[in-house]
Amino acid sequence: MKTDLHLHSHVSDGELSPAALVRAAASAGLDVIAITDHDTAAGVEEAVSAARELPVAVVPGIEISTCTPPHELHVLGYWIDWRAPSILAHQTAAAVRRVRRMERMVEKLVALGVPVTMEEVRTAAGPEARTLGRPHLARALLAGGFIRSFSEAFTRYIGDGGPAFVSQDFPTPKAAIDAIHASGGVAVWAHPPLEIVEDLMPLFVEWGLDGVECYRPNNTAEDAAKLRGVTERYGMFPSGGSDWHGPRRSFELGSFQVPSERIETLLGIGGLVL
């Protein structure tokens, strides 16, 4: 089976609807995918429904943004019940936090002489978006002619530490892991920075982390082996995915695949058998 367990739909900052994403995955030859939108699982039901008529299985998921100062860290939840109170409570609170953060970044941009508006950000995000993120602001800046490329928004204005950057009041990784576990899911550290993995892993173990995302397009074989060694040392399981957001990004859906035998334990939790 060909697997990609880190995909985003337009419910957060991806470009395709959940159903269109499932269809695109099937066309790309993927057998198993996970919908892991930022701080919301609102697209999971549509994706699961679409997959019933296609030769692709959908793992219900979410990607929760967290912070343990000074690091922003993301936790993936797999095999969650997307209707569970813990998930619904998180996505409601996260949506409010993200709007407030976006308003503050827009205010900073206006003060810098860049008159973008919240209405333009919402237009760029689209009516289906349930959470607002910096990519939506970047699209609005590009559409307004304030920048020449999507990446310029981050390098010039809204990247970490930039003049219009605003940090978000994220929950702790432990709170994210607890919410995922309360929904019946398993928690995986998403794209862990290699330079801090060893230092923070004891804390993550204490918090109840289940796995680590080892396989990613930008990870070398050496990187993946190092992360896989961490999972073996701590009795966790490996995961992997492309973090694909849409066809306008730098690589095609399906060009990165995780051989299912590398993540057999994670797939088996939900009843998928090789």
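This is a short talk on the salt bridges, one buried isoleucine and one helix pair in the structure above.

Hi everyone, thanks for coming. Before anything else, please keep in mind that this is a predicted model.

Let's start with charges. How many salt bridges does the structure hold? There are eight, and I'll walk you through some of them.

My opening example is Asp-39 with Arg-98, where the closest N and O atoms are 2.8 Å apart. Asp-39 sits in the loop between β2 (32-35) and α2 (44-51), while Arg-98 belongs to helix α3 (residues 85-111), so this pair ties together parts that lie 59 residues apart in sequence. And are the two partners buried or exposed? Both Asp-39 and Arg-98 are buried.

Next, have a look at Glu-152 and Arg-156. They form a salt bridge too, with 3.0 Å between the closest N and O atoms. Here the partners are four residues apart in helix α6 (residues 150-158), which means about one helical turn separates them. Their surroundings are worth checking on your screen: Glu-152 has 10% relative accessibility, so it counts as buried, the cut-off being under 20%. Arg-156, at 43%, counts as partly exposed.

One more bridge for the collection: the side chains of Glu-213 and Arg-216 meet at 3.4 Å, N to O. Both of these residues are buried.

Now let's leave the charges and pick out a single isoleucine. Ile-180 is part of helix α7, which covers residues 173-182. With a relative accessible area of 0%, Ile-180 is buried. Which residues does Ile-180 touch, leaving aside its neighbours within four places in sequence? Its contacts are Ile-64, Val-75, Leu-76, Gly-77, Ile-80, Gly-185, Val-186 and Ala-187. If you'd like a distance to try in your viewer, take the C-alpha atoms of Ile-180 and Asn-219: they are 26 Å apart, for residues separated by 39 places along the chain.

Last stop, and we're back at α3, the helix that carries Arg-98. α3 packs with helix α5 (residues 134-143) at an angle of about 35 degrees, and their axes are 11 Å apart. The crossing of α3 and α5 is right-handed. From α3, the contact is made by Arg-101, Met-102, Met-105, Val-106 and Leu-109; from α5, by Arg-134, Leu-137 and Leu-141. Sorted by class, that contact has six nonpolar residues, two charged ones and no polar ones.

That's my tour. Happy to take questions!

Key
Residues are numbered from 1 along each chain as its sequence is written. This is a predicted model: local features need pLDDT of at least 70, side-chain atom pairs count only at pLDDT 80 or more; totals for chains, interfaces and linings use all residues. Side-chain values use heavy atoms; hydrogens and water are left out. A salt bridge is a side-chain nitrogen of Lys or Arg within 4 Å of a carboxyl oxygen of Asp or Glu. Helices (H or I, at least four residues) and strands (E, at least two) are DSSP runs, numbered from the N terminus. Buried means under 20% relative accessible area, exposed over 50%, partly exposed in between (1.4 Å probe, protein chains only). Contact means heavy atoms within 4.5 Å. Axes are lines fitted to C-alpha atoms, for helices over the stretch in contact, and angles run from 0 to 180 degrees between N-to-C directions. A crossing is left-handed if the near helix is turned anticlockwise from the far one by less than a right angle, and right-handed if clockwise. Ala, Val, Leu, Ile, Met, Phe, Trp, Tyr, Cys and Pro count as nonpolar, Asp, Glu, Lys and Arg as charged, and the others, Gly among them, as polar.
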